[in-house]
Amino acid sequence: MAAIVAEKLTKVFNGFKAVNEVSFEVKEGEIFGFLGPNGAGKTTTINMLITLMKPTSGHALVAGYDVVKEPEKVRGKIGVVFQDQSIDRELTGWENLWLHGLVYGVPRSTLRQRIRQLLKLVELEGFANTPVKKYSGGMIRRLEIARALIHRPEILFLDEPTLGLDPQSRAKVWDYILDLRKEHGMTIFLTTHYIEEAERLCDRVAIIDHGKIIALGSPEELKQSIGGELIYLKVSENPSLYSAFLEKLSDIQGVLSVKTLGNRQLSLRVKSASTTIPAIFDLAQAAGVKISEIKYTKPSLNDVFLQLTGRALRDEEASWRDHARLRTQARWRR
Ligand SMILES: Nc1ncnc2c1ncn2[C@@H]1O[C@H](COP(=O)(O)OP(=O)(O)OP(=O)(O)O)[C@@H](O)[C@H]1O
Ligand SMILES: [Mg+2]
């Protein structure tokens, strides 16, 4: 049985389609990711799957239960880490987990032991009795993950699990996520706009943009789908020679496409970099153009996004926005 099935799931806000006929299946024990830019519809999709929001149309089953007809059943099977911090900052880590456990009906006799295990899992044993307001952002995220696991859910939903975290905290959260799958076979649905996160964690990724899934597959499959390898070139020579060179580039065998990036920089998509690079040098020499820089890479998920949408899905920019956003949240809480 699939852990999650979504069929033409749609959410319309005042005539605006935030999620537009999204269909996918998540297998049991799989880490499945939604990768997309700000406003793509990731949180809205999660909200429908975790029964916080009713779909405008379409259907979804989570752990075999219909999210609209059997929301309580669904809730008993899932754990959720929300995009925005949702922990009580005045309480200690231990108190937060204790309260959450009681809300979920975990018997007191097992709750104490379970909290101990979970705090150990996320390496917060030493901070159990510290008020959360003294935690760092990374520690809060780890506590939220522990909290989501308190009733032993079958499926864990993580909405931007490492939003705005520093690289070290991010790596820790990644470790826990991979461990949960490995040790407990947990199914994990996560959203992210970090390419590296999707590549590292996900067995399969759905790329979402403007409420639609525009590609779906393993990171490897997605990268292969755009075909070939990428060569970046920088040339230095006079403009007239350059344009003649540019024209002939796409005639080289194995060159699939040529994009000019300005400032005499070019990106080429080619079948095989190792056979095309010598031909590029030959052509440059014949045209009297000097190549000042050349490098080649295998495509990343960013290249996949670029290919499909014509826009980049950049990590750095997003991460600055997240910092600003988290700081605003922190100010509100004071
Ligand atoms: N309650 C709401 N009412 C109206 N519009 C909404 C509501 N919630 C979300 N939207 C809009 O729907 C679109 C998708 O929002 P959503 O939060 O799902 O995106 P996201 O992919 O999670 O983005 P982010 O990276 O910013 O978290 C956005 O344009 C957003 O402004
Ligand atoms: Mg979101």
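Biologist: What covers the buried residues of α11?

Modeller: In this predicted model, the cover includes the strands β3 (31–35), β9 (204–209), β10 (212–217) and β11 (229–236), along with the helices α7 (195–201) and α8 (219–225). The buried residues themselves are Leu-301, Asp-303, Val-304 and Phe-305.

Biologist: What makes a residue of α11 count as buried?

Modeller: The cut-off is 20 or more other C-beta atoms within 10 Å of its own. Leu-301, Asp-303, Val-304 and Phe-305 are the buried residues of α11, so each of them meets that cut-off. Just after the helix, Gly-310 has a positive phi of about 80 degrees.

Biologist: How do you know that β3 and β9 pair?

Modeller: Pairing needs at least two bridges, and β3 and β9 have 4 bridges, in the parallel sense. Gly-33 stands opposite Val-205 in β9.

Biologist: And what makes β9 and β10 a pair?

Modeller: They share 5 bridges, in the antiparallel sense, against a requirement of at least two. Here Val-205 faces Gly-217 in β10. Their hairpin has 2 residues between the strands, and His-210 takes a positive phi near 45 degrees there.

Biologist: Now to a pair of helices. Why is α3 called roughly parallel to α5?

Modeller: The axes of α3 (residues 93–103) and α5 (residues 137–148) come within 9 Å and cross at roughly 25 degrees. Angles under 35 degrees count as roughly parallel, so α3 and α5 earn that name. Their crossing is right-handed.

Biologist: Which residues make the contact?

Modeller: From α3 come Gly-93, Asn-96, Leu-97 and His-100, and from α5 Leu-143, Ala-146 and Arg-147. They divide into 3 nonpolar, 3 polar and 1 charged.

Conventions
Residues are numbered from 1 along each chain as its sequence is written. Chains are lettered from A and ligands numbered from 1 in the order in which they are written. This is a predicted model: local features need pLDDT of at least 70, side-chain atom pairs count only at pLDDT 80 or more; totals for chains, interfaces and linings use all residues. A residue is buried if 20 or more other C-beta atoms lie within 10 Å of its own, exposed if 12 or fewer, and partly exposed in between; C-beta atoms are placed from the backbone. Two residues are in contact if their C-beta atoms, placed from the backbone, lie within 7 Å. Axes are lines fitted to C-alpha atoms, for helices over the stretch in contact, and angles run from 0 to 180 degrees between N-to-C directions. Angles under 35 degrees count as roughly parallel, over 145 as roughly antiparallel, 65 to 115 as roughly perpendicular and the rest as oblique. A crossing is left-handed if the near helix is turned anticlockwise from the far one by less than a right angle, and right-handed if clockwise. Ala, Val, Leu, Ile, Met, Phe, Trp, Tyr, Cys and Pro count as nonpolar, Asp, Glu, Lys and Arg as charged, and the others, Gly among them, as polar.
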